[in-house]
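Please open the model in your viewer and keep the sequence panel beside it. The stops below each begin with something to select, followed by what is to be found there.

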Amino acid sequence: MAKRITVKVPDNYSTETKEFMKKVVKALNENGELTPMMEGVVGMLRDCYETYQKATRAIRQDDDVLQTTLKDELIAHPAVKIQMQANQQVLALMKELGLTTRSRKVIDKVGGGEPDQLSLFDSL
């Protein structure tokens, strides 16, 4: 049996990120896909997911996706761009790790894995 890899989540990260990373690490370890070489990629996923969470909280806290400038022009909340970029990074990293539904189906066709193990990521 392969050695199980752990990924530390800083204490100041959100509960959502901690729970997400537990699921990611568990799924990768169960499939024997998490190696020491991948710890950096998983760390990037953790940080991008936390950035997404922080941007989302900032938008919710201000209670509006749109803001008005001094010239009465509507603009997107500054955190929207950060949120979108972090979301794109999270999805790209999840594809790289084989954690999206689509990438999982490709891996399952090639490697014969179990398709429903990562269904918890379907909403992403």
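## The whole chain

With the entire protein chain selected, the exposed surface comes to about 8400 Å², of which carbon and sulfur atoms supply 54%; accessible areas come from the Shrake-Rupley method with a 1.4 Å probe, and for residues only the protein chains shown count as cover. This is a predicted model, in which local features need pLDDT of at least 70 and side-chain atom pairs count only at pLDDT 80 or more, while totals for chains, interfaces and linings use all residues. Residues are numbered from 1 along each chain as its sequence is written, and side-chain values use heavy atoms, with hydrogens and water left out.

Switch to a cartoon view, where the protein chain shows 4 helices and 2 strands, arranged along the sequence in the pattern α-α-β-β-α-α. Helices (H or I, at least four residues) and strands (E, at least two) are DSSP runs, numbered from the N terminus. Of the 124 residues of the protein chain, 35% count as buried, where buried means under 20% relative accessible area, exposed over 50%, and partly exposed in between (1.4 Å probe, protein chains only). Among contacts in the protein chain with a separation of 6 or more, 58% are between residues 24 or more positions apart, a contact being heavy atoms within 4.5 Å.

## Helix 1

Select residues 15-30, which are helix 1: its 16 residues reach 22 Å from the first C-alpha to the last, close to the 22 Å expected at 1.5 Å a residue. The expected span of a helix is 1.5 Å times one less than its number of residues. Now colour Thr17, Phe20, Met21, Val24, Val25, Ala27, Leu28 and Asn29, the buried residues of helix 1; what covers them includes helix 2 and helix 3 (78-97). Just after helix 1, look at glycine 32, which takes a positive phi of about 70 degrees.

## Helix 2

Move on to residues 39-62, which form helix 2. Helix 2 has 24 residues and reaches 35 Å from its first C-alpha to its last, close to the 34 Å expected at 1.5 Å a residue. Its buried residues, among them Arg46, Cys48, Tyr49, Glu50 and Ile59, pack against helix 1 and helix 3.

Two glycines of helix 2 can be viewed together with valine 7. Glycine 40, found in helix 2, is partly exposed, with a relative accessible area of 44%, and its C-alpha is separated by 9.3 Å from that of valine 7, 33 residues apart along the chain. Glycine 43 also has its place in helix 2, but it is buried, with a relative accessible area of 8%; glycine 43 and valine 7 are 36 residues apart in sequence and 7.1 Å apart in space, C-alpha to C-alpha.

Is glutamine 53 buried or exposed? Glutamine 53 counts as buried because its relative accessibility is 10%. Display its neighbours as sticks: leaving aside residues up to four places away in sequence, glutamine 53 touches Ser14, Glu16 and Thr17. At the far side of helix 2 in the sequence, aspartate 63 follows the helix and has a positive phi, near 60 degrees.

## The nonpolar core

In soluble globular proteins, nonpolar side chains tend to be buried together. A nonpolar core is a set of buried Ala, Val, Leu, Ile, Met, Phe, Trp, Tyr and Cys residues joined through side-chain atoms within 4.5 Å. Which residues touch the most other members of the largest nonpolar core? Of its 20 residues, these are Val42 and Leu45. The elements that give two or more residues to this core are helix 1, helix 2 and helix 3, and the largest share, 5 residues, comes from helix 1. Centre the view on leucine 45, which touches Phe20, Val24, Val90, Leu93, Met94, Leu97 and Leu99, not counting residues up to four places away in sequence.

## Around the strands

Finally, select aspartate 72, in the loop between strand 1 (66-68) and strand 2. Although it is not a glycine, aspartate 72 has a positive phi of about 60 degrees, and at 66% relative accessibility it counts as exposed. Leucine 74 lies in strand 2 (residues 74-76) and is exposed as well, with a relative accessible area of 60%.
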